[in-house]
Amino acid sequence: MALIPSQVLRVAILLSYFSILCNYKAIDMPAHQTYGGSWKFLTFIDLVIQAVFFGVCVLTDLSGMLTRGSDIREQEQQLKKLIGLRDWMMAVLAFPVGVCVVTMFWALYLYDRDLVYPKLLDSFIPQWLNHGMHTTVLPFIIIEMRTTYHHYPSRCCGLGAVFCFTVGYVLWVCWVHSVTGVWVYPLLERLGSVSRLFFFSCLPPLLSLFYVLGETLNSYIWDHTYSNKIKAE
């Protein structure tokens, strides 16, 4: 039996994302006032994705409690739709984008923080908020995967959706540059045209890799859990 019910964990995680988003939006940074605002940063987009995802998770839990023991077919169908949306978001957005943000941020930060998070930002963003945006995302999503089984779509459909999201974000970054003349991340400013093109072309395969990783991890966790239950019986 779990020490903390998964429903309580989801509510706590959702509230933490609300707190992070509110504190982040309250920061008066020059980058927030330029074209695209916070929406040009993948970190902020990921925070919104995670908040919406856990919001759907909480809504699914509440719906499940309300429909428990009920014979109303319409309510059961609505619950199935919520579960389908929850699982789709986990597979296509929450896990691959969340893992990408955490791994890419800390890899670049450790190599040369000025490529992604210049020291100037320390005067705007406190350390706890930085970790809330770039660290806790990973353990939160792993907790969700460990406590709840998620049905993944077919690999073709899942990878197609991930590809569309990634290409859409790359095009958005390029559009922001075409309007402002400034790249969203310092890393892109330092890269030459060919290197920048190569970097952009690597993003869809990278997100696809994280999608497959999530699919594999989800299957491993729940196949292993199911096997242990069979043995226990």
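# Notebook: salt bridges, core and cysteines

I started with a pair of charged neighbours: Arg-86 is buried, and Asp-87 is buried as well. Their side chains meet in a salt bridge, at 3.0 Å from N to O. A reminder to myself that this is a predicted model.

**Entry: around Arg-86.** I looked up which residues touch Thr-60, and Arg-86 is among them. Leaving aside neighbours within four places in sequence, the other contacts of Thr-60 are Leu-79, Leu-82 and Ile-83. Thr-60 sits in helix H3, which covers residues 42-67. I noted a relative accessible area of 4% for Thr-60, so this residue counts as buried, the cut-off being under 20%.

**Entry: the other salt bridges.** How many salt bridges does the count come to? I got 6 by the rule used here. As general background, side chains of opposite charge can pair when their charged atoms come close.

I went next to Asp-61 and Arg-10, whose side chains form a salt bridge with an N to O distance of 2.7 Å. Asp-61 belongs to helix H3 and Arg-10 to helix H1, so this pair ties together parts that are 51 residues apart in sequence. Are these two residues buried or exposed? Asp-61 is buried at 15% relative accessible area, and Arg-10 is buried at 3%. I also found that Arg-10 and Asp-61 are linked with Glu-144 in a network of salt bridges.

Then I checked Asp-112 and Arg-190, which form a salt bridge with their closest N and O atoms 3.1 Å apart. Asp-112 lies in helix H4 and Arg-190 in helix H8, so the pair joins parts that are 78 residues apart in sequence. For accessibility I wrote down 23% for Asp-112, which is partly exposed, and 52% for Arg-190, which is exposed.

**Entry: the nonpolar core.** I counted 64 residues in the largest nonpolar core. Which residues have the most contacts inside this core? They are Tyr-17, Tyr-24, Phe-53, Phe-54 and Ile-125. Several helices each supply at least two residues of the core, including H1, H3, H5 (127-134), H6 (137-147), H7 (155-180) and H9 (193-232). Helix H4 gives the most, with 15 residues.

I picked Tyr-24 for a closer look. Not counting residues up to four places away in sequence, Tyr-24 touches Ile-125, Leu-129 and Met-133. The list for Tyr-24 also holds Met-29, His-32, Ser-38, Phe-41 and Phe-44.

**Entry: a nonpolar patch on the surface.** I found that Val-11, Leu-15 and Phe-18 make a nonpolar surface patch of about 270 Å². Phe-18 is in helix H1, residues 6-25. With 43% relative accessibility, Phe-18 counts as partly exposed.

**Entry: cysteines.** I searched for disulfides and the structure holds 0. Why is Cys-157 not bonded to Cys-156? The sulfur of Cys-156 is the closest cysteine sulfur to that of Cys-157, but it is 5.5 Å away, too far for a bond because the cut-off is within 2.5 Å. Cys-164 is in no disulfide either, and its nearest cysteine sulfur, that of Cys-157, is 11 Å away. I noted that Cys-157 is exposed at 52% relative accessibility, and that Cys-164 is exposed at 55%.

Definitions and conventions:
Residues are numbered from 1 along each chain as its sequence is written. This is a predicted model: local features need pLDDT of at least 70, side-chain atom pairs count only at pLDDT 80 or more; totals for chains, interfaces and linings use all residues. Side-chain values use heavy atoms; hydrogens and water are left out. Helices (H or I, at least four residues) and strands (E, at least two) are DSSP runs, numbered from the N terminus. Buried means under 20% relative accessible area, exposed over 50%, partly exposed in between (1.4 Å probe, protein chains only). Contact means heavy atoms within 4.5 Å. Patches are made of residues with over 30% relative accessible area and no salt bridge: like charges are joined within 9 Å, nonpolar side chains (Val, Leu, Ile, Met, Phe, Trp, Tyr) within 5 Å. Accessible areas come from the Shrake-Rupley method with a 1.4 Å probe; for residues, only the protein chains shown count as cover. A salt bridge is a side-chain nitrogen of Lys or Arg within 4 Å of a carboxyl oxygen of Asp or Glu. A nonpolar core is a set of buried Ala, Val, Leu, Ile, Met, Phe, Trp, Tyr and Cys residues joined through side-chain atoms within 4.5 Å.
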